[in-house]
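Student: I would like a close look at one part of this model. Please take the sheet and what packs around it.

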Amino acid sequence: AGARAGARAGARAGARAAGWRPVAEARPLAVVTGASTGIGRELAFCAARDGCDLLICADEARIEEAARELRGLGARVDVAQAGLSAEEGVEALWAA
């Protein structure tokens, strides 16, 4: 029994190191479009400061810069660089 408990603890530590959180520690998720500039960017930063993890989307390469800054606030951030005016962009966001 002791060996199994130790193995479970080791598996949990590895999962946490990979960014996984148990349901009890789950944070709210905010999906923010247009997050590379302006109001969308500010909304993403407000959500991160309020304890949300994020899925951010914009069609500009600057979205990666925003993601780095948001991660600096402790948020887990997934990025979809896509324009939502076309179906392909919406599919890219959905896939993220």
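Tutor: Here is a walk through the sheet, its core and one residue in a loop. The model is predicted, so local features need pLDDT of at least 70, side-chain atom pairs count only at pLDDT 80 or more, and totals for chains, interfaces and linings use all residues. Residues are numbered from 1 along each chain as its sequence is written, and side-chain values use heavy atoms, with hydrogens and water left out.

Start with the strands. Helices (H or I, at least four residues) and strands (E, at least two) are DSSP runs, numbered from the N terminus. Three strands form an open sheet in the order β1-β2-β3, with parallel pairing. Two strands pair if DSSP finds at least two bridges between them. β1 and β3 are the edge strands, each pairing on one side only. On average, neighbouring strands are turned by 15 degrees against each other, direction ignored. Axes here are lines fitted to C-alpha atoms, for helices over the stretch in contact; angles run from 0 to 180 degrees between N-to-C directions.

Now take the pairs. β1 and β2 are joined by 5 bridges. There, A30 stands opposite L54 in β2. α3 packs on the sheet and touches β2 and β3. Its direction makes about 175 degrees with that of β3. Contact means heavy atoms within 4.5 Å. β2 also has 5 bridges to β3 (residues 77-81), again parallel. L55 has D78 as its bridge partner in β3.

Next, the core. A nonpolar core is a set of buried Ala, Val, Leu, Ile, Met, Phe, Trp, Tyr and Cys residues joined through side-chain atoms within 4.5 Å. Buried means under 20% relative accessible area, exposed over 50%, partly exposed in between (1.4 Å probe, protein chains only). The largest core has 17 residues; V32, L54, I56, L70 and V77 touch the most other members. At least two residues each come from β1 (29-33), α2 (38-49), β2 (53-58) and α3 (63-72). Another core, of 5 residues, lies apart and includes L55, C57, A80 and L93. In soluble globular proteins, nonpolar side chains tend to be buried together.

Look at I56. Leaving out residues up to four places away in sequence, I56 touches residues including V32, A44, I63, L70 and V79.

Finish in the loop between β1 and α2, where S36 sits. S36 is buried, with a relative accessible area of 5%. Its side chain makes a polar contact of 2.6 Å with that of E60. A polar contact is a pair of N or O atoms within 3.5 Å; within protein, one must be able to donate a hydrogen and the other to accept it, and residues adjacent in sequence count only if both atoms are side-chain atoms.
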